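Visitor: I should like to be guided through this structure by question and answer, one region at a time. Please show it to me first.

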Amino acid sequence: MKADRLRASLPVGSLGLPLEYAPRMRSTNERAQELARQGAPHGTLVVADEQTAGRGRAGRKWLTPPRSAIAMSLLLRPESLSEAGAGALAVVGALAVAEALENRGVRAWVKWPNDVILPEGKVAGVLVETEWLGEHLEHAILGIGINVRPRSVPRENLDFPATCVEQSVGGRVDRIDLLLAVLGRLEAWLGQLGSRDLMRAWEARLAYLGQHVTVFGPGVEMTGRLAGVTPKGQLRLALPSGETLTVGAGGLSLRPIDTSGKWATLSTAAPEGRGKASGRTRR
Ligand code: BTN
């Protein structure tokens, strides 16, 4: 990646400077955490061409081979942000990627909680890591990994198929242009955390809305109809009993229930009716 060209195009709004770029790094999230603890300002961006210990959600590894992907972490120091608002940061990350892709003609959806998917599979993931001092958010690291070229697509240990942007575009994609586009969409949405517009934009891109899904994680498996999301980033799952469960992301993942293997049948249709929310919440 040509770091000079990237640097020359920054900042995007208030985001992107200072920039720390390295051809190889353990994890951009890890490095951004270090910089945050040393007092780096809001908007600091860490980018690596290759990650040797990239972090995924729920303790998983994230693969970033050289010259093939985008690995970026943004340090955010919002003036004030509730725990719920912090939950929405992951939403903003996924939405920003989906919109940046769409501006390149790639229709993308957000698979709850924060995967970006194309009909062919997962193309990007978001990992938000926060540090709190009591009720006060010290900082949040918004980490985004995008599979751009075919060699960035992991082949093993997948619980969901994976793909890359170039496969969908059918040609070369400039990683710096895409990164800048993502930053631009992040800038646009970060000012609207908690807003109805953000919720609407998210739900409009929510994969499997109205469809039957399984939500699963260590020791948890729930099945129901995906009824929508809450402003805190929780999933609303309509159970066969008629009750609607509110489920926090935690280490959970989602997959559509489809016995014919058509997991990629994505829908943006409105949910067919909504059950009443129960007070039960998993965090
Ligand atoms: C997921 O599990 O889907 C989230 C993956 C997030 C990966 C990105 S790559 C840039 C940043 N640095 C990391 O170590 N992880 C995130």
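Visitor: Which residue just after α2 takes a positive phi?

Guide: This is a predicted model. In it, the phi angle just after helix α2 is positive, with a value of about 95 degrees. The residue that takes this angle is Gly39.

Visitor: Which residue caps the N-terminal end of α2?

Guide: Helix α2 covers residues 28–37. A side-chain oxygen of the capping residue lies 3.2 Å from the backbone nitrogen of Asn29. The cap is Ser27.

Visitor: How many of the ten residues of helix α2 are buried?

Guide: A residue counts as buried when its relative accessible area is under 20%. In α2 this holds for Thr28, Asn29, Glu30, Ala32, Gln33, Leu35 and Ala36. Their cover includes the strands β1, β2, β3, β6 and β7. The helix is largely enclosed by the rest of the structure, because the number of its buried residues is seven.

Visitor: To which residue's polar backbone atom is an oxygen atom of the ligand 2.7 Å away?

Guide: The ligand is surrounded by 20 residues, and Ser27, Thr28, Arg55, Arg57 and Lys122 are the closest. A ligand nitrogen is 2.9 Å from an N or O atom in the side chain of Thr28, and a ligand nitrogen is 3.0 Å from such an atom in the side chain of Gln51. The 2.7 Å distance, from a ligand oxygen, leads to the backbone of Arg55.

Visitor: Between which two domains does the largest nonpolar core lie?

Guide: This core has 76 residues, and Met72, Leu101, Trp112, Ile146, Leu183 and Leu186 touch the most other members. Helix α3 (residues 83–102) supplies the largest share, eleven residues. Both domains give residues to the core, so it lies between domain 1 (3–204) and domain 2 (212–282).

Visitor: Which residues, among them Leu10 and Val12, does Leu183 touch?

Guide: Nonpolar side chains tend to be buried together in soluble globular proteins. Residues up to four places away in sequence are not counted here. Leu183 then touches Leu10, Val12, Leu15, Gly16, Leu45, Met72 and Leu74.

Visitor: Which residue stands opposite Leu245 in β11?

Guide: Strands β10 (residues 235–238) and β11 run antiparallel and are joined by four bridges. They form a hairpin with five residues between them, and Gly242 in the turn has a positive phi of about 100 degrees. Across from Leu245 stands Leu237.

Visitor: Which residues of β11 point the other way from Thr244 and Thr246?

Guide: In a regular strand the side chains alternate between the two faces of the sheet. In β11 (residues 244–247), Thr244 and Thr246 point one way, and all four named residues are buried. Those pointing the other way are Leu245 and Val247.

Notes:
Residues numbered from 1 in each chain as written. Predicted model: local features only at pLDDT ≥ 70, side-chain atom pairs only at ≥ 80, totals over all residues. Heavy atoms only, no water. Core = buried A, V, L, I, M, F, W, Y, C linked by side-chain atoms within 4.5 Å. Buried < 20%, exposed > 50% of the residue type's maximum accessible area, 1.4 Å probe, protein only. Helix = DSSP H or I, 4+ residues; strand = E, 2+ residues; numbered from the N terminus. Domains from an automatic or database assignment. Contact = heavy atoms within 4.5 Å. Pairing = 2+ DSSP bridges. Near = heavy atom within 4 Å. Polar contact = N/O pair within 3.5 Å; in protein donor to acceptor, adjacent residues only side chain to side chain.
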